[in-house]
Amino acid sequence: MTMEVIGKEQQSIEKLESTARGYIEHHLGKDPERAGIFDFYTGLAYAVRDRLIEKWLATQRSYYMKKTKRVYYLSLEFLVGRTLGNSMINLGIEDECSKAIEALGCKMENIREAEWDAGLGNGGLGRLAACFLDSFATLGIPAYGYGIRYEYGMFYQKIKDGYQIETPDNWLRYGNPWEVARAAHLFSVHFYGKVNQYIDSKGILRSEWVDTEEVMAMACDTPVPGYRNDNVINMRLWTARSSRDFDLHFFNGGNYIQAVEDKAKSESISKVLYPADHVMEGRLLRLKQQYFFVSATFQDIMRRYKKEEATFDNFTEKVAVQLNDTHPTVAIPELMRILLDIEGLPWEKAWDITVGAFGYTNHTVMPEALERWPVSMFESLLPRHMQIIYEINRRFLEEVNWRFPGDSEKRKRMSLIEESDEKLIRMANLAIVGSHSINGVSKLHTEILKNQLFRDFYEMFPKRFNNKTNGITPRRWLKKANPSLSDLITEKIGDGWIANLDELKKLIPLSEDKKFRERWMDVKTENKKRLVEYILKTHDISVDAESIFDVQIKRLHEYKRQLLNVLHVITLYNRIKNNKDAHVTPRTVIFSGKAAPAYWMAKLIIKLIHSVADVVNHSKEIGGRLKVVFLDNYNVSLAEKIIPAADLSEQISTAGTEASGTGNMKLSLNGALTIGTLDGANIEIMEEVGRDNIFIFGLTPEEVLAVKGSGYNPWHYYERNQELKEVLDMVGGGYFSPENFSLFKPLIDSLLYHGDTYMLLADYEAYVSCQERVGKLYEDRHEWAKKSILNVANMGKFSSDRTIAEYAREVWGIDV
C-alpha cells in the first residue's frame, strides 16, 4: 500500500469519525463522552448514509442523462435485515468504519448489534426481494424496489411455556437512520365511491371514479448500494397518512374524537405486515394494503415517465414492472384504469401496453396460497377496478372459446372469476392473463406450473412461461455473515468470487488438500463455538460444539415438515434411552422460525418442539448426546449467526410443495451439507454439487402423485414400522405433555385420521435411514470437510446476480 493510499484512508477514517461525532452532538443532542451504544450506531449510520446519498444522487442523475429503461420491482416484503454491515461492505469502508468507531471509544461488534432488524418482511419472499435489490445495484441495472413501510412489521416472537406469543415488532421505536422521509412527496390513494359513466365529445364511453375516501401515501426512501461500483439504487416504501381534507371535515363539524379515530384508521394501512386474514376486517385491510402501495407506485412511475415522454408509445421501452407473487396483481387493472380513464387511450392500446409492461413471478404451488378476493369486497372497495376485471375476463374468455371451442370446463377453470357459493377473483389467473412473462423460481416449480397448476394457461400462452431459479447475494450471505470463511476463501483464490460467484470453482482442487480441509473445519468449529455462546447466553442451554449442528430454520408450516424432524429426534431419544450402548453420533438439533398467528397447527408444532426439548435436554440417560434448541424470533440477523455454524441443512418438504427455497442455498454456501427431498431448488443444488455430496431421501414428486392417486394409507406405515408406532404413540399419548395427555393428539390425528396430507409417514423410514448415513459420515472429519468444500465450490449458479441477469435479458429487455 502506497503512502498516498494510506493517507487517503486516514483522511477517510478521520472524516467518518468527525461526521459521526457531529451527528451525535448536533442531530441527537448528545455529548459523545456520555453517549450510549445506540447513539454511536446512529451517528455512524448517518455518516455512512451521507456517502450513500452522494452516490445515490449521482446514480439517479445518470438514469435521466442516459434515458434508460427502468425496472420497478413490486413486493409486499423486503426482508433487508440490518443495513450497516452490508452498506460498509459494498462501499468498501468496513475497516475505515471500524477504526473510526474505535477512535470514538467503541467496538464495531457492539455497534452492529445495536441495530434493529427492519420489520419489512417475514420469510423467503421478502429475503429474496432484498437479495434482488443488492444484485440490481451490483449489476448496474436501473431499478427501484417498491413496497410498504410497515410500522410494526409482522410480530416479535416470544416463547412462553413453549407456546409462541406474538408481540409488536416495534422496530422503529428509536427511528431509522437509513431512510429519507419525503414529507412533501405525497400521492392520494382512493377507496370505495362509485363509478359515473358518460359519453365524451368524441362519442366514446368514459368512466370516472368519484365520491371516494382518500388516504395519502408518503414516500420513505432507503439507498441500496452495489458492490464497490458507486451505483446506489432506491427502495421506496410507502407509509399511510390521513388526508387533510378528510380530517378537516370532522374538525369543522366539531367532532374532534371522530377526526382522531378516522385519522388512526386511515393510517392503519401501513401499520402491520399481513394482518390476520381469517376475519373479514383483516382480509379487507390486506386488500387495502395491496392497492395502497400499487396506486402510489404507479402515480410515481407515471410522474417519472412523463418527465421524458409526451405519449405512451414508448411506455414498454422505458418501463418494466415485475410482480413479486400475486400480492401486487391489482396493479394490472390499476394501470388499465390510468390509461383508459385518465389518459384516454383506447382499450386495445391500453391492454397491449399493460401486458407488455408486466412480468409475474409465482412463488407457490399451494392452491390455498393463490390469492382469491371476494367479488363483493373488491367491488365495494375498488368499484372501477372490478369493472375493468370483468371486461378483461369477458374479452379473455372470448379468446378461450375461440382457441378451445366447446370446452366449457377449461373456460370455467381459466376464468378470472370463480363462480362458487361466493364469487371470487382469482388473482393468479389475472396476473397470468395480464403479463407477458410468467416465471417459476426453480426448474421443478416451473414444470409444475406448466404441467399441473397452470396447465390450461401454458397450453394457451406457452411462450410466456419461463424459469428463473432463485438466488442469494454472496455479499450478505458469505462475506458479511461468515467473515472467517470468507477470509479463508479470499486468501486462497482471491476476492473475485464476491462479484462473480462462479469463481468459487477454484476451490475444487483444494478439497483434496488435507491441510486446507483442517483449516476449513477449524473455521466451522469457531463459528459453532460462537453459536454455542449465544445459545447459552440467550437460552441457558449448554450444547456441544463437537456435535452435529442439525439445522432447520424457516417459517413454520406443515408442508415444510418440521414435525418429521421432531419425529426423528424422538427416534434418536428412544434409541439412546432403550440402549445406552447404542452408537448415536452426538447431535444438536436447532429449530427457528415463526408460525402465522392464526395457524394453530404450526403453533402446536412449536409447542411440541419445546416439550420434546424439555424432556431430551434434561434426560440423564441421554447424557448430552442429543440436544434440542428452538431459537426464538427468527430474523435475518439470527440467520447470520446460525447459518455459518450449521453442519446439516434440513430441506425436507414433501416433494412437489416447495417452489424453490433459498435457505438451502445460504446453508450450502456456508458449507453445510443438505439432507432433503427432491423438491424445489434441492434438485438443482444436487445437480451442481453432485449426488455424492448431498443426502437425498424420500418420494419423488412423481411418486407422491402416484401414491396419492392409488389411495395413500398412512396406517400402513404406522402398523409395519415399530419405531414409528412408538414415536407417534408417545406424542399422542401424552409422554411429552404429562400435564395434558391429549395436548398433541391433534398432530397425530392429522397424520393417522386426516390423511397425512404431507406424507410424513411415507417418508419417515427413508428419512431416518438417511440420517444414519449423515451420522456415520460426520465421524469422518476429512471426508465431511471435502464434501463441505465441494458444496461451497459449486454454488456459483445460486447467486442472485445470475438470477437478475437472466430476468434482465429475457424478461425486461435490458443488457447486462
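**View 1. Phe132, a buried ring, and its aromatic partner.** Phe132 has a relative accessible area of 0%, so it is buried (buried means under 20% relative accessible area, exposed over 50% and partly exposed in between, using a 1.4 Å probe and protein chains only). This is a predicted model, in which local features need pLDDT of at least 70 and side-chain atom pairs count only at pLDDT 80 or more, while totals for chains, interfaces and linings use all residues. Residues are numbered from 1 along each chain as its sequence is written, and side-chain values use heavy atoms, leaving out hydrogens and water. The structure holds 35 aromatic pairs; rings of Phe, Tyr and Trp (its six-membered ring) pair if their centres lie within 6.5 Å, and planes under 30 degrees apart count as stacked, over 60 as edge-to-face and the rest as tilted. One of these pairs joins Tyr73 to Phe132 edge-to-face, at 5.8 Å centre to centre and 75 degrees between the planes. The two rings link distant parts of the chain, 59 residues apart: Tyr73 lies in strand β1 (residues 70-74) and Phe132 in helix α6 (residues 124-139). Here, helices (H or I, at least four residues) and strands (E, at least two) are DSSP runs, numbered from the N terminus. Tyr73 counts as buried too, because its relative accessibility is 1%.

**View 2. Tyr305 meets Phe315 edge-to-face.** The ring centres are 5.0 Å apart, with 65 degrees between the planes. Tyr305 belongs to helix α9 (residues 280-306) and Phe315 to helix α10 (residues 315-318), 10 residues apart. Both Tyr305 and Phe315 are buried.

**View 3. The charged end of Arg464 sits over the ring of Phe461.** It lies 3.8 Å from the ring centre. A charge sits over a ring if NZ of Lys or CZ of Arg is within 6 Å of the ring centre and within 35 degrees of the ring normal. Look for a similar arrangement at Arg70, whose charged end sits over the ring of Tyr64, 4.4 Å from its centre.

**View 4. Thr654 in its loop.** This residue is found between β20 (648-651) and α25 (663-669). Thr654 counts as buried because its relative accessibility is 2%. Who are its companions? Setting aside neighbours within four places in sequence, Thr654 is in contact (heavy atoms within 4.5 Å) with Tyr559, Arg561, Asp679, Val704 and Tyr758.

**View 5. Helix α26 (residues 682-689) is mostly covered.** Of its 8 residues, 6 are buried: Asn682, Ile683, Glu684, Ile685, Met686 and Val689. The elements covering these buried residues include α17 (443-453), β20, α25, β21 (673-676), β22 (695-696) and α32 (781-793). After α26 comes Gly690, with a positive phi near 100 degrees.

**View 6. Asp161 and Asn633, two residues with positive phi.** Most residues other than glycine have a negative phi. Asp161, however, has a positive value near 55 degrees, and Asn633 has one of about 55 degrees. Are these residues buried or exposed? Asp161, in the loop between β3 (156-160) and β4 (163-167), counts as exposed at 61% relative accessibility. Asn633, in the loop between β19 (626-630) and α24 (636-642), is buried, with a relative accessible area of 10%.
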